[in-house]
Amino acid sequence: MRVVATLILRRLALGLLTLWLVSLLVFGATLALPGDTATAILGRDATPARLTALRAQLDLDEPVVSRYVSWLKGMATGDLGESAATREPVGKLLSDRVANSAALVLVAGLIAIPLSLLLGVLAAVRRDGWFDQIGSTTGLVLAAIPEFVIALVLVLVFATTLVQWLPAVSLAQPGERVWSSPQSMVLPVATLVLAVVPYLARVMRSSMVEILASDYVTNARLRGLSRRRVTWRHALPNAIVPGIQASALQLAWMASSVVVVEYVFAFPGIGTTLVDAVGNRDIPVVQAVTMIAAAVYVVCNLVADVATILLTPKLRTRAR
């Protein structure tokens, strides 16, 4: 257990270092944006006195290092600052939207990950058969299509042209949680699932094909074990580690790709908030959303690393 704890602490330290480096990039990138924040908020007709007062209110007249340290302390303590556009706390502004995006990613992940693992295993067991060939071809086509195109096709098929079973845009009102109108989540969730499943299924298929061709699987079959038992109780536990790593990457990808999906479906999440914040030059909101996405990415990879360590005895032995 001490070895496992040491490995986990190392991964946690690397995750914190990554977040700090991301914070430097985010803060530096927002400083490098052209134009003046106060002018963008108040407009070109604002008086110099109002511009000066707003710059002082936003601490734009403070040294860069002082502003970064103050901002980083706020991020570490949960104080995300104040929106430059609406003048309300960023945490309050994002709370409902973060919950909506988290629900979208969680539901999509709960559907996509088990489905991908199942399809990958079945394709490996039926290697070069009709199921494998159809799945590979369909997966390649879906993987080549951007998620916004998948979203538009789903809208055309299920919300406008062919059948009108589902709403084309979200029905949730501002400040309302999306699960109060679950039908508006179907198309965004389906878009993310169709974008993620092809990649995860191919990763799982490749891993299972390699394991099924190994010597110990062959020996298990020669001892008289059934094909089903060998596949699900012997091959799958050894082949699932690459699937876990890929699933973590895809969950992190979904946390960032929701920007496009939410914009297409007018979904009230952090994606649409980020688009609005960029348009309004609301720097505190842009910084907060970017850091939240980075934190989700780091956490997903940390969970995947921990799961890999627990499932791979070689990693635990190697660290001794």
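**Exercise 1.** Work out whether L31 is buried, partly exposed or exposed in this predicted model, then find what L31 touches.

*Solution.* Start with the number: L31 has 35% relative accessibility. Buried means under 20% and exposed means over 50%, so L31 counts as partly exposed. Next, place the residue: L31 sits in helix α1, residues 2–32. Now look for contacts, skipping residues up to four places away in sequence: L31 touches V64 and R67. For V64, the C-alpha to C-alpha distance to L31 is 8.8 Å, with the two positions 33 residues apart in sequence.

**Exercise 2.** Check the span of helix α4, then sort out which of its residues are buried and which are exposed.

*Solution.* Helix α4 covers residues 64–77, which is 14 residues. At 1.5 Å a residue the expected span is 20 Å, and the end C-alpha atoms are indeed 20 Å apart, so the two agree. Then go for burial: R67, Y68, W71, G74 and M75 are the buried ones. Looking down the axis of α4, these buried residues fit within an arc of 130 degrees, so they line one face of the helix. Over on the other side, V65, K73, A76 and T77 are exposed. Just after α4 comes G78, with a positive phi near 90 degrees.

**Exercise 3.** Describe how α7 and α10 pack against each other.

*Solution.* Take the axes of α7 (residues 147–160) and α10 (residues 227–265): they come within 10 Å and cross at roughly 40 degrees. That angle makes α7 oblique to α10. As for handedness, the crossing is right-handed. Finally, list the contacts: E147, F148, A151, L152 and V155 of α7 meet W253, S257, V260, V261, V264 and F265 of α10.

Conventions:
Residues are numbered from 1 along each chain as its sequence is written. This is a predicted model: local features need pLDDT of at least 70, side-chain atom pairs count only at pLDDT 80 or more; totals for chains, interfaces and linings use all residues. Side-chain values use heavy atoms; hydrogens and water are left out. Helices (H or I, at least four residues) and strands (E, at least two) are DSSP runs, numbered from the N terminus. The expected span of a helix is 1.5 Å times one less than its number of residues. Buried means under 20% relative accessible area, exposed over 50%, partly exposed in between (1.4 Å probe, protein chains only). The arc is that of the directions from the helix axis to the C-beta atoms. Axes are lines fitted to C-alpha atoms, for helices over the stretch in contact, and angles run from 0 to 180 degrees between N-to-C directions. Angles under 35 degrees count as roughly parallel, over 145 as roughly antiparallel, 65 to 115 as roughly perpendicular and the rest as oblique. A crossing is left-handed if the near helix is turned anticlockwise from the far one by less than a right angle, and right-handed if clockwise. Contact means heavy atoms within 4.5 Å.
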